[in-house]
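Here are some friendly notes to help you find your way around a structure that is new to you. Keep the viewer open and follow the points one by one.

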Amino acid sequence: MSTSQTLVEQNSLKREFYHLIINGEKVESNNGQTISTYNPATGELVAQVAKASKEDAERAVQAAREAFDHGKWRKYPVGRRAQVLNKIASIMRSRFNEIVELEILDTGKSLSTAQGQVNQAIEDFEFYAGAIVGHRGVVNNMPGQFHNYTEKEPVGVCAQIIPWNYPIMMAAWKIAPAIAVGCSVIVKPASLTPITAIILGEICLEAGVPAGVVNIIPGSGAEVGNYLVEHKQVDKVAFTGSTPIGKDIMNKASNTLKRVTLELGGKSPNIVFEDADLDAAVDGSLYGIFYNSGQSCEARSRLYVHENIYEQFVEKFVSKAKQIKLGNPFDKETHMGAIIDQTQLDVIDGYVQSAIQDGAEVLSGGKAAQVEGFENGFWYEPTVIANVNHSMKVVSEEIFGPVVVIMKFKDEKEAIELANDTEFGLGSAVWSKDGARATRVANEIQAGIVMVNCPFSAMPGTPFGGYKQSGFGRELCIETLDLYTETKSIISYYGNRPLNPLGL
Ligand code: NAP
């Protein structure tokens, strides 16, 4: 029996209580406080989780600092770090079903959605295990007798603050590239969904990541998150979350000139031209908004359809939106899971009500859903809204729920203008069989990601990140490694006559 099989038996991942992970140990918070985490599909308590205080955050910073300044992790040969990353992936794979179950319980998302996200989290570690081996400095062309090369050095201690919509995936997007290059991390999961990030921290330890390199401290964003952002001994903040909090973090991080990367909100356009494969465009557009119950930063929540196919498209789209099945998240027939909590449910409904007051027309959905057997959970109907314009807040603001607005356009120029008429710039999609048109439009859209005849926005290796107020920096790709490193330039002189630049 392998070690990990023994651990599976001894150490069930499903528990009543989850600890913080600080300096390689599972610990309670210093003041004994806990977070109660609930299943959004049922409203039932899932577990208690230790809630980090500022003192716990300070211990985590010191552990990460010690591991970085005096520890062995960043000095390991790169192949050895890669081996540990692969081991993390392999332990996750061996515990796949348990992690999926916990992710569903903590978020209310549907089985296939959770499976896809846990799988991607695993692949992130495998991707960076490979990518890190080829990540290196360069030798630069220099005038004779000078030699210059660069080294990629890990940036140091990184605070990584993540949201509730993709808990394990966001933790993996953050932890994998950072530890691949030799950084130490302190991960602050969202208070609503802390469990799988803790599990991932435990797996890192089991795989051989030394104490202090990966610390996981659920706790209040305003208290513990902010403490990390302002801390002088934290070198970088990588944040994924809402645009207002991102702005606050950037502002505060400027006091210590921390490195900052921000993955923020979106209001992504989805453009369907008259020459698109209609069925593929309908199916891809449904996925684009209703995946993860619309709680996706890159949700394609503004749908623009060419006027010649508008009626036909809308009929098919609405008919299929009405077939989306809400229900037991563990049932593989369920398409769409729950909304994270009552607050978010109210936010979503507030946007729909505002649209109605502004004169919009609800073509399907438009209210909280009643799901048999899950009456105490938080559910919203897949909602399609027409007769809207860009002055309405349902069109301009991020909703973060299963609500799409649908509008007509007359030509390519107007489609591009409408798509770019937003303060955000994260995702976007173009549906057209005309390759030249798709390329022209893709080039004109101001967004970090353009999906052409494709519903998927993120796979390990594809850069993910925003233009404009959707943030900056890219995750999930080779270039992420650069964002966790400093480039050091080393210049040496190899001439045989001593240099005397002052002529003294
Ligand atoms: P949020 O309210 O901004 O919170 C994100 C994280 O920041 C949480 O861990 C939160 O802790 C913490 N936080 C809150 N206030 C803080 C502060 N003052 N200082 C430091 N940290 C603080 O966002 P959310 O509601 O969890 O997530 C939804 C948002 O994330 C949406 O806008 C979505 O578009 C965005 N998102 C973006 C991407 C992307 O890649 N661009 C991906 C996923 C989600 P608490 O949980 O304790 O409040």
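1. Let us begin at Asn292. Leaving aside residues up to four places away in sequence, the contacts of Asn292 are Lys109, Thr113, Gln117, Asn165 and Tyr166. Please keep in mind throughout that this is a predicted model.

2. Two of these neighbours also appear in polar contacts of Asn292. The side chain of Asn292 meets the side chain of Gln117 in a polar contact of 3.4 Å. With Asn165 the partner is the backbone oxygen, which the side chain of Asn292 reaches at 3.3 Å.

3. Where does Asn292 sit? Its place is in the loop between α10 (278–290) and β14 (302–306). Asn292 has a relative accessible area of 5%, so this loop residue is buried.

4. The backbone of Asn292 deserves a look too. Its phi is near 60°, a positive value in a residue that is not glycine. In general, most residues other than glycine have a negative phi.

5. Leu257 makes a good companion to that point. Leu257 is not a glycine either, and has a positive phi of about 45°. You will find Leu257 in the loop between α9 (243–253) and β12 (259–263). Is Leu257 buried or exposed? It counts as exposed, because its relative accessibility is 62%, whereas Asn292 is buried.

6. Now step back to the whole protein. Its secondary structure comes to 16 helices and 21 strands. Taken along the principal axes, the box filled by the C-alpha atoms is roughly 80 × 60 × 45 Å. A compact globule of 504 residues would have a radius of gyration near 23 Å, and the protein's 24 Å agrees with that.

7. What share of the residues is buried? Of the 504 residues, 57% count as buried. The contacts reach far along the chain: among those between residues at least 6 apart in sequence, 75% join residues at least 24 apart.

8. A word on the surface and the charges. The protein exposes about 20,700 Å², and carbon and sulfur atoms supply 49% of that area. There are 46 positive and 59 negative side chains, with the centres of the two sets 7 Å apart.

9. Helix α8 (residues 221–230) is a helpful element to trace. Its buried residues are Val224, Gly225, Asn226, Leu228 and Val229. The buried residues of α8 pack against two helices, α2 (54–70) and α9, and against the strands β8 (157–161), β9 (184–188) and β11 (236–240). At the N-terminal end of α8, Ser220 acts as a cap: a side-chain oxygen of Ser220 lies 3.2 Å from the backbone nitrogen of Ala222.

10. Strand β11, one of those packing partners, holds Thr240. This residue is buried, because its relative accessible area is 9%. The side chains of Thr240 and Lys174 make a polar contact of 2.6 Å. Lys174 is also in the list of residues that Thr240 touches beyond four places in sequence, along with Ile161, Ile162, Pro163, Met170, Glu263 and Glu475.

11. Val209 is another buried residue to visit. It lies in the loop between α7 (195–207) and β10 (214–216), and counts as buried because its relative accessibility is 3%. Not counting residues up to four places away, Val209 touches Trp73, Val84, Ile88, Ile179, Cys204 and Val214. Trp173 is 36 residues from Val209 along the chain, and their C-alpha atoms are separated by 17 Å.

12. Please finish with His335, in the loop between α11 (310–321) and α12 (342–357). Beyond four places in sequence, His335 touches Ser110, Gln323, Ile324 and Lys325. With Lys325 there is a polar link as well: a polar atom of the His335 side chain lies 2.8 Å from the backbone nitrogen of Lys325. His335 and Tyr291 are 44 residues apart in sequence, and their C-alpha atoms are 8.1 Å apart in space.

Methods. Residues are numbered from 1 along each chain as its sequence is written. This is a predicted model: local features need pLDDT of at least 70, side-chain atom pairs count only at pLDDT 80 or more; totals for chains, interfaces and linings use all residues. Side-chain values use heavy atoms; hydrogens and water are left out. Helices (H or I, at least four residues) and strands (E, at least two) are DSSP runs, numbered from the N terminus. Contact means heavy atoms within 4.5 Å. A polar contact is a pair of N or O atoms within 3.5 Å; within protein, one must be able to donate a hydrogen and the other to accept it, and residues adjacent in sequence count only if both atoms are side-chain atoms. The radius of gyration is taken over C-alpha atoms; the globule rule is 2.2 Å times the number of residues to the power 0.38. Buried means under 20% relative accessible area, exposed over 50%, partly exposed in between (1.4 Å probe, protein chains only). Accessible areas come from the Shrake-Rupley method with a 1.4 Å probe; for residues, only the protein chains shown count as cover. Lys and Arg count as positive and Asp and Glu as negative; His and the chain ends are not counted. The place of a charge is taken as NZ of Lys, CZ of Arg, CG of Asp or CD of Glu.
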